[in-house]
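The following exercises are to be worked through with the sequence and the coordinates at hand. Each task is followed by a solution in steps.

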Amino acid sequence: MRFKTNQDVLDWYEKQERALTKDFIDEIPWNEVKNHPFDKRFVPVLLYMRDIEILTDMYHQELLRTPTGKDKVISKFMERWGIEEITHGELINRFLNEAGIETPEDWKGEITRSVTNYYHFYARCLSTLTNCIGKSFTATHMAYGTINELSAAQSYRRLIELADHPVLTHILKGIIREESVHTTFYLNIARLELKKSDFAQKIARFVIKKFWNPVGSGARPQDLTDYTIATLFGDEKGVEWIDKLVTQKIQMLPGLDGVTKVTDRIAEIGRETNTSDFVLAKA
Ligand SMILES: [Fe+2]
Ligand SMILES: [Fe+2]
């Protein structure tokens, strides 16, 4: 799929039907969740994934303070994108509940309130900085979005394989279909924005190489982030998976050839994290 303008990408996105329709959700066999074993080591992983989905609203608000969020095409996309990500978080939370993992009644509020003031301060500084760069930073935002969407889809795929729980698989396959649509949007807008200028390419390359970290870093406890990455991608196969399905796709974007940061960082977390040290109660 090749698009000529950002508007073409948005028009395509708006034609895509949701995978998680009301019918899909109504037909999830919740009563079968307990019929299948669910390895408890994936509970923190699902909590982390749920939190990231729910915190999309926070990222959305942060972006609205920048030229990227004020862009007519991108802001239109983000309105629907934000709603879809919240559904993902809600389905994951329901799965946990059905599997016997209780979550507080106001779990969404607790996630939002648990983000530290330091994070909010840091995010505000970052928005101010990106505002100084202006429109050229949009390409970087979109490249980051592409990495995050690709990584989310691969995390869910990996969890399907490792957890091997039929109801979870069914839910995650529906979520992955929506993540793939998000990826197409971000990837194509990133390509078009990066093509516009060498400056945009240089900034994107610099920021990813220097600063990229897994989505949720800083907003969630570091040990939970590390545990999730190490559990899903801590072995050789996991790193190869990330390299082939995230890094190599990002490298095809203008100006990002040879950027190995995502593979390098995931491999580093895998090497340095001992998952048996993690205490579930802290999640
Ligand atoms: Fe999502
Ligand atoms: Fe997504």
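## Exercise 1: The end of α9

Task: Determine which residue follows α9 and characterise its backbone and its surroundings.

Solution. Aspartate 164 comes after α9, and its phi is positive, near 50 degrees. Helices (H or I, at least four residues) and strands (E, at least two) are DSSP runs, numbered from the N terminus. The model is predicted: local features need pLDDT of at least 70 and side-chain atom pairs count only at pLDDT 80 or more, while totals for chains, interfaces and linings use all residues. Residues are numbered from 1 along each chain as its sequence is written, and chains are lettered from A and ligands numbered from 1 in the order in which they are written.

Step 1. The residue belongs to the loop between α9 and α10. Its positive phi occurs in a residue other than glycine.

Step 2. A residue is buried if 20 or more other C-beta atoms lie within 10 Å of its own, exposed if 12 or fewer, and partly exposed in between, with C-beta atoms placed from the backbone. Aspartate 164 has 13 other C-beta atoms within 10 Å and is therefore partly exposed.

Step 3. The helix before this loop, α9 (residues 138-163), is mostly covered, with 20 of its 26 residues buried.

## Exercise 2: Helix lengths

Task: Compare the expected spans of α9 and α6 with the distances between their end C-alpha atoms.

Solution. The expected span of a helix is 1.5 Å times one less than its number of residues.

Step 1. For α9, 26 residues should span 38 Å, and the end C-alpha atoms are 37 Å apart, which agrees.

Step 2. For α6 (residues 72-98), 27 residues should span 39 Å; the end C-alpha atoms are 40 Å apart, which agrees as well.

Step 3. The buried residues of α6 include Trp81, Glu85, His88 and Phe95. Two residues are in contact if their C-beta atoms, placed from the backbone, lie within 7 Å. The buried residues of α6 pack against α1, α3, α4, α5, α7 and α10.

Step 4. Beyond α6 comes glycine 100, with a positive phi near 95 degrees.

## Exercise 3: Overall fold and core

Task: Describe the composition of the protein and its largest nonpolar core.

Solution.

Step 1. The protein has 14 helices and zero strands. Its radius of gyration is 18 Å, close to the 19 Å that the globule rule gives for 283 residues, so it is as compact as a globular protein of that length. The radius is taken over C-alpha atoms, and the rule is 2.2 Å times the number of residues to the power 0.38.

Step 2. Along the principal axes, the C-alpha atoms fill a box of roughly 55 × 45 × 35 Å. Of the 283 residues, 42% count as buried. Among contacts with a separation of 6 or more, 84% join residues 24 or more positions apart.

Step 3. A nonpolar core is a set of buried Ala, Val, Leu, Ile, Met, Phe, Trp, Tyr and Cys residues joined through C-beta atoms within 7 Å. The largest such core has 70 residues, and those with the most contacts inside it are Phe95, Ala143, Ile189, Ala190 and Ala204. Helix α10 (residues 166-196) contributes the largest share, 13 residues.

Step 4. Leaving aside neighbours within four places in sequence, alanine 204 is in contact with Ala139, Thr140, Ala143, Leu194, Gly255 and Leu256.

## Exercise 4: A helix pair

Task: At what angle do α3 and α12 pack, and which residues meet?

Solution.

Step 1. Axes are lines fitted to C-alpha atoms, for helices over the stretch in contact, and angles run from 0 to 180 degrees between N-to-C directions. The angle between α3 and α12 (residues 222-233) is about 115 degrees, with the axes 9 Å apart.

Step 2. Pro44, Val45 and Tyr48 in α3 meet Leu224, Thr225, Tyr227, Thr228, Thr231 and Leu232 in α12.

Step 3. Aspartate 223 also has its place in α12. With 15 other C-beta atoms within 10 Å, aspartate 223 is partly exposed. Its C-alpha atom is separated by 8.6 Å from that of threonine 273, 50 residues apart along the chain.
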